[in-house]
Amino acid sequence: MSFDLFKKYLEEHGWEKKNDEYDELGWTKELNGLKIRLSDGLYKFQSGILMDAFCSVTTESFTNYGYQIGSNFRDHFSIRSTRIDLPIEGQWDSFAKCVHEIESWAGSVEIDAEMDAFESYPTSVPGSGPIKHLTVLALRKRASVLIEYKKAFESGDRLGFVNYINIDAINRAYYLSLQI
């Protein structure tokens with residue numbers, strides 16, 4: 001598959017070429033309140049042929065709150081991600097099928113179920129989980145939970161949170177939860 005042709009197809013069908021905060025090139029599209037990202041450079045090749053690509057989906061509010069609380073991802077804080085098989089042949093109709101698959105996958109992600117999972121994460125969850133947990137608590141206006149976290153931190157109990165979560169992140173989540 002000629003990835004240059006696929007990029008041209010994306011541009012002609014409403015996808016925007018955009019560098020993220022790490023200067024990684026990607027392709028984004030907004031669809032029914034979702035932000036879809038196809039990451040350039042995160043591909044699987046077999047015998048020099050592009051086989052799949054990394055896709056992720058988020059919402060603007062999740063990304064904005066996550067960034068304010070402490071995520072490094074200003075433009076796209078992923079709620080869910082996957083790899084999508086790409087067509088081997090470089091024809092427009094195969095590109096259309098691929099884009100349809102990407103958009104269908106994004107549309108099938110149950111955002112509320114993902115948010116429920118993030119909200120139920122233990123405070124000791126590794127990776128980006130703590131920021132996702134705090135982001136959902138803020139989005140869902142769970143100020144009472146966040147004030148308990150705040151009190152615990154102030155008394156020296158980190159509640160098992162990873163080291164990069166500090167009282168400032170808890171405070172930002174708390175204040176965001178109070179916004180109307």
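With a relative accessibility of 15%, E114 counts as buried, because the threshold for burial is under 20% relative accessible area. In this predicted model, E114 forms a salt bridge with R80, and the closest N and O atoms are 2.7 Å apart. The two residues come from distant parts of the chain: R80 belongs to strand β5 (residues 80-85) and E114 to helix α4 (residues 111-120), with their positions 34 residues apart. Unlike E114, which is buried, R80 is partly exposed at 39% relative accessibility.

The wider architecture gives this pair its setting. The protein contains seven helices and five strands, arranged along the sequence as α-β-β-β-β-α-β-α-α-α-α-α. Of its 180 residues, 46% count as buried. Among contacts with a separation of 6 or more, 57% are between residues 24 or more positions apart. The accessible surface amounts to about 9300 Å², and carbon and sulfur atoms contribute 49% of that area.

The interior can be approached through the largest nonpolar core, which has 43 residues; W15, L38, I69, I102, L134 and I165 touch the most other members. Helix α3 (residues 92-108) supplies the largest share of this core, six residues. For L134, the contacts beyond four places in sequence include I69, L146, Y149, F161 and I165.

A polar residue is also found in the interior. S56, in strand β4 (residues 49-58), has a relative accessibility of 3% and therefore counts as buried. Its side chain makes a polar contact of 2.8 Å with the side chain of H76. Beyond its neighbours within four places in sequence, S56 is in contact with several residues, among them K35, R37, H76, R80 and W105. R80 thus appears again, here as a contact of S56 and earlier as the salt-bridge partner of E114.

The structure holds eight salt bridges. In another of them, D116 pairs with R140, the closest N and O atoms being 2.8 Å apart. D116 lies in helix α4 and R140 in the loop between α5 (129-139) and α6 (143-154), so this pair ties together parts that are 24 residues apart in sequence. D116 is partly exposed, with a relative accessible area of 43%, and R140 is partly exposed at 21%.

A further salt bridge joins the side chains of K151 and E148 at 3.8 Å, N to O. Both residues lie in helix α6, three residues apart, or about one turn of the helix. K151 is partly exposed at 48%, as is E148 at 46%. Elsewhere, salt bridges with shared partners join D116, E119, R140 and R142 into one network.

Technical notes
Residues numbered from 1 in each chain as written. Predicted model: local features only at pLDDT ≥ 70, side-chain atom pairs only at ≥ 80, totals over all residues. Heavy atoms only, no water. Helix = DSSP H or I, 4+ residues; strand = E, 2+ residues; numbered from the N terminus. Buried < 20%, exposed > 50% of the residue type's maximum accessible area, 1.4 Å probe, protein only. Contact = heavy atoms within 4.5 Å. Areas by Shrake-Rupley, 256 points an atom, 1.4 Å probe, with all protein chains shown as cover. Core = buried A, V, L, I, M, F, W, Y, C linked by side-chain atoms within 4.5 Å. Polar contact = N/O pair within 3.5 Å; in protein donor to acceptor, adjacent residues only side chain to side chain. Salt bridge = Lys/Arg side-chain N within 4 Å of Asp/Glu carboxyl O.
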